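Biologist: I should like to discuss how the chains of this model are arranged. Please take the interface and the strand pairings in turn.

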Protein chains: 2
Amino acid sequence: MRLTALAGGTGAAKLLRGLVASIPPRDLTVIGNTGDDTDVWGLHVSPDLDTVTYALAGLLDIERGWGRAGETFRCRDAMSALGVDVWFNLGDQDLATHLWRTAALRAGCTLSDVTAELTRRLGAQALVLPMSDDPVRTRVQTPESWLAFQEYFVRERARPKVVDVEYSAADRARPAPGVLGALRDADVVVVCPSNPVTSIGPILAVPGIYEALDVTRARIVAVSPIIGGAAVSGPAGALMRARGLPLSPAGVAMAYSPWLDTLLVHDTDRDRVPEVEALGVRAVVTNILMTDRAGEAALARALLEAAR
Amino acid sequence: MRLTALAGGTGAAKLLRGLVASIPPRDLTVIGNTGDDTDVWGLHVSPDLDTVTYALAGLLDIERGWGRAGETFRCRDAMSALGVDVWFNLGDQDLATHLWRTAALRAGCTLSDVTAELTRRLGAQALVLPMSDDPVRTRVQTPESWLAFQEYFVRERARPKVVDVEYSAADRARPAPGVLGALRDADVVVVCPSNPVTSIGPILAVPGIYEALDVTRARIVAVSPIIGGAAVSGPAGALMRARGLPLSPAGVAMAYSPWLDTLLVHDTDRDRVPEVEALGVRAVVTNILMTDRAGEAALARALLEAAR
């Protein structure tokens, strides 16, 4: 069974780690969000690709949900001592990834080439693809200004009110090599429990990807990143509201409804099933909170079961 | 009394540290060798400028003679785990210097602007100038091939036979802003105990610098990097031989004789004084081994005395 997953960062990383406990990692292709890629200290940082790759390679700091386990921050501290306003943390080991990526991009490699090679060298066996080799940048409009996603999320700690969200240059982006084929040839497409607006939204904004989901014969199964009326983590609430989506499992179903077959919702959202199913999406009720490795694996098994 | 010093790396760092114990650091201008600048992991590294700046800022690892005290190498280890052939060690704190420099150079700053700003931010009070803002690269010819200096010195550990040395692109380089003025206006010019061929040689190869030394009214005092028939440290021996210079204090005097006033030679080289003075260079015999901070300060005082 071939799986293709659309993935953001932390939530996706947990589910993907659960999936490779159930299926051979080589049967998994991950299409990662690059809308919050950013330049830090002159280096090209791909936060979501790295979180997913580190998770699949067993290198992710599980507590923190980003970066590498056992990380140190000596370079960051030295940058700060140089007077740099350090608001994006790059760990000392993590820096190697960004240095390697940046040097390879400067030498003319594509982001997908670099990602495939980094994934292999870090020891992840699944195939990780960026959604596009072209730069797409998620920008968040606040009452004061437009911010790059990481400025909004990390520097401003998601505190400003969100007026609008855009995927800058998405209209000119092409899917990375392998992306459309992975959606076409999959048996199951998984939409990870990531922010529908700023993690999955940028992927869907790349011309051709939405259409590929519309025509694929794969079963498409999503895990809700919303439980009750709140995001499991992160700023999904404010961003979904800014996009006119209700903050509920039905809001998630609405974002994906033209092509979504099944949405996994949390046990406590049993009473919201009719709202989801009114959108033509089957709802499966299960425990979607992944509080430990066993929970990740159990949710992955429930997902694979729901996809059958 | 205004001092201008021509400096390589480790040996220079010790003497300069001694000098700023005797004179106000703001009266010292250092003209640093950039002939062994190199690209490491996509970053612009200026080994000699950094060694001097770290020494003047009290940050240098004194035992090692390069890099920062209390350094860690987690990023380097992660690079190595990525399969990179890591032969040039960049420490985690040191990386901040190179990231900052590289980003500023890419933004269009000159190396002298960057160096002045880094020096200030790292807390060194002397003025450190690169010999040139233009790229000059020392290359070492071995029987097999031409090597960049760091390839010869660090990667090959100075083991290959040296056939020739060149300062690539030196003929097109201009002295960095402030360099010629610092030589013209100094009361004393100090030639640090650095390798005459690959540390001081590249500085002298920048058109205008040699001439400025010829015409300056400053007293010019050098400290020999050679004791007896051997270099105090490093590969000066093989390099001096390749340039046809005898491996002795007189060989050092020969390299600088058209404009050198005084050469400090080691106590044990008393019998070599006539050889040096036959070249028109006054020899002063003193303890030039700087084995500790007190030794550095004592040599600096002896130098200032010899310059009077």
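The exchange below covers the interface, the symmetry and two groups of strands.

Modeller: This is a predicted model, in which local features need pLDDT of at least 70, side-chain atom pairs count only at pLDDT 80 or more, and totals for chains, interfaces and linings use all residues. Residues are numbered from 1 along each chain as its sequence is written, while chains are lettered from A and ligands numbered from 1 in the order in which they are written.

Biologist: Which element gives the most to the side of chain A that touches chain B?

Modeller: Contact is defined by C-beta atoms, placed from the backbone, that lie within 7 Å; 19 residues of chain A are in contact with 19 residues of chain B. The elements giving two or more residues to that side of chain A are helix H3 (74-81) and helix H4 (92-106), where helices (H or I, at least four residues) and strands (E, at least two) are DSSP runs numbered from the N terminus. With nine residues, the element that gives the most is H4(A).

Biologist: Which C-alpha of chain A is nearest the axis that relates the two chains?

Modeller: Superposed by least squares on the C-alpha atoms of residues with pLDDT of at least 70 in both copies, chain A can be laid on chain B with an RMSD of 0.0 Å by a turn of 180 degrees and a shift of 0.0 Å along the axis. That is the relation of a two-fold axis. At 3.2 Å from the axis, the nearest C-alpha in chain A is that of Asp92(A).

Biologist: Which residue in E14(B) is the bridge partner of Leu264(B)?

Modeller: Strands pair if DSSP finds at least two bridges between them. Strand E13 (residues 262-266) of chain B pairs in the parallel sense with strand E10 (residues 219-223) over three bridges, and Leu264(B) stands opposite Val223(B). Five bridges join E13(B) to strand E14 (residues 282-286) of chain B, also in parallel. In E14(B), the partner of Leu264(B) is Val284(B).

Biologist: Which strands stand at the edges of the open sheet E7-E6-E8 of chain A?

Modeller: The three strands are in the order E7-E6-E8 with antiparallel pairing. Five bridges join strand E6 (residues 137-141) to E8(A), with Tyr167(A) as the bridge partner of Thr138(A). Each edge strand has a single partner strand, so one side of each is left without a neighbour in the sheet; these are strand E7 (146-148) and strand E8 (164-168) of chain A.

Methods: Two residues are in contact if their C-beta atoms, placed from the backbone, lie within 7 Å.
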